[in-house]
Amino acid sequence: MQRDISTRILHADRLGGIEHGATHKPLHVATGYGYEKAADLVAVFQGERSGYVYGRQGNPTTAALEAKISLMEEAVGTVSFATGMAAICATMIALLRRGDHVVASKFLFGNTASWFNTLGQLGCSVTLVDATDAAEVEKALTPQTRMVFVETIANPRTQVADLAGIGKLCAARGIAYVVDNTLTTPALFQPKAVGASLVIHSLSKGICGHGNALGGSVSDTGLFDWDAYPNLLPAYRKGPPTAWGLLQIRKKGLRDTGGTLSAEHGHRIATGAETLSLRIERACSNALAVARWLDAQPLVAKVHYPGLPSHSQHERAGGLFHGFGALLSFEMADGLDPSALLDALELVIKSSHLGDNRTLALPAALTIFWEMGEEQRQSMDIAESLVRVSVGIEATDDLLADFEQAFAKFQ
Ligand SMILES: *Cc1c(COP(=O)(O)O)cnc(C)c1O
């Protein structure tokens, strides 16, 4: 019998064998790695044998985390990065060329949207579409389209992309399908199930969970035919073709851009990952309770949470995910100041992070989506009074009591 993934993650390091019988991988802090014979060093450099050469390209601690993420995503391999943004940028720098076209969801994490602007300036073209409908993605495809990029649940409005429909489309056309699984985490969803080629994570969020480390990753599900992908260099067409894409990402993305995950942060993230399924379970049930409570408030105009039957993709989310996630957002009734409400909260922290064990909230239009301006906010359906809440793992009653006392101050 295959053991549950939560069990396998807990025992993953130990099964590989660790010095002194330690129960998890220690911190490896060395920058360089020495070899007995020059020939051994040469063999590692030439890809003839595996080994570490220089810390920018990874070390045994981050490799153990990468193995854990591969396990969670049932992937053939993973490359870790200093942040989620480093993972996203390095993946595209490694795989795209001038003249290539990318179709992406228009409902995106703000910094990813900002990166797509830059990618446009670097000579790739990017079309942003409403990815809740695969037909909109299909309409945007051109013969130059190399990649489709979507988030599972969009931050902050919680739209759920037509993940299965887009997967079929990409498979039929041989287009790389890149899914940012940060908001769902592998505890709720594995993008491999809908045909994703690459799975991106901001490890800084739910997988770490404790808000004490930054990291990012890209995993290859093994489903994409890299042999047919035109932008792979001959040097990286070595070994099994399922490994080619990730090899080019590790060399051209991680090695050349240098966005390396530190061993210490990798270790903290790996520790956080041990409790992912427990934490996500509590965060999802808390989020549903808060969403339902907010939905009944006259001072709230609209609540966006995939777990509410009123959400446009409620059924899709229920069919794809093992839970509806820890992120919700809501719009204040006319004229009410979201900042005043946030100031009235005593337990909930006013913070821009998400996927933390603590509940965090912020006025989204005035903060993380401020730089892009009102026009783009409107195109992304972000109301000026939108409050984003990343729900943590506090006791449900304490959380509800905090919202109750804060709203009471407005009556
Ligand atoms: C936070 C986030 C990122 C970026 O990750 P960092 O680790 O902060 O660089 C990317 N995608 C999504 C959906 C995110 O929430």
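Is Ala-263 buried or exposed, going by its relative accessibility? The last view gives the answer. This is a predicted model, where local features need pLDDT of at least 70 and side-chain atom pairs count only at pLDDT 80 or more, while totals for chains, interfaces and linings use all residues. Residues are numbered from 1 along each chain as its sequence is written, and side-chain values use heavy atoms, with hydrogens and water left out.

**View 1. Here is the open sheet, with its 7 strands.**
Reading across, the order is S1-S7-S6-S5-S4-S2-S3, and the pairing is mixed. Strand S1 (77-81) and strand S3 (125-129) sit at the edges with a single partner strand each, so one side of each has no neighbour in the sheet. From one strand to the next, the twist averages 20°. A word on names: helices (H or I, at least four residues) and strands (E, at least two) are DSSP runs, numbered from the N terminus. Two strands pair if DSSP finds at least two bridges between them.

**View 2. Zoom in on S3 and its pairing with strand S2 (residues 101-105).**
S2 and S3 pair in the parallel sense, over 5 bridges. Look for His-101, which stands opposite Ser-125 in S3. In general, strands of a sheet pair through backbone hydrogen bonds, either parallel or antiparallel.

**View 3. Helix H3 (residues 60-73) lies across part of the sheet.**
The strands it crosses are S1, strand S6 (198-202) and strand S7 (216-220), and H3 runs at about 130° to S1. Helix H9 (residues 244-257) also packs on the sheet, touching S1, S6 and S7, with its direction at about 15° to that of S1. For these angles, axes are lines fitted to C-alpha atoms, for helices over the stretch in contact, and angles run from 0 to 180 degrees between N-to-C directions. Contact means heavy atoms within 4.5 Å.

**View 4. Helix H9 has a kink of about 25°, centred on Arg-250.**
The bend at a residue is the angle between axes fitted to the seven residues ending there and the seven starting there. The buried residues of H9 include Trp-244, Leu-246, Ile-249 and Leu-254. Buried means under 20% relative accessible area, exposed over 50%, and partly exposed in between (1.4 Å probe, protein chains only). S1, helix H4 (84-95), S6 and S7 are among what covers the buried residues of H9. Just after the helix comes Gly-258, whose phi is positive, near 75°.

**View 5. Three loops hold some backbone details worth a look.**
The peptide bond from Asn-155 to Pro-156 is cis, with omega near 10°. Pro-156 lies in the loop between strand S4 (145-151) and helix H7 (163-173). His-20, in the loop between helix H1 (5-15) and helix H2 (38-45), has a positive phi near 60° without being a glycine. His-20 counts as exposed, at 86% relative accessibility. Glu-74 is found in the loop between H3 and S1, and its phi is positive too, near 50°. At 42% relative accessibility, Glu-74 counts as partly exposed.

**View 6. Ala-263 belongs to helix H10 (residues 263-273).**
Back to the opening question: Ala-263 counts as buried, at 11% relative accessibility. Leaving aside neighbours within four places in sequence, Ala-263 is in contact with Leu-27, His-28, Asn-59, Thr-61 and Thr-62. Thr-184 is 79 residues from Ala-263 along the chain, and their C-alpha atoms are separated by 25 Å.
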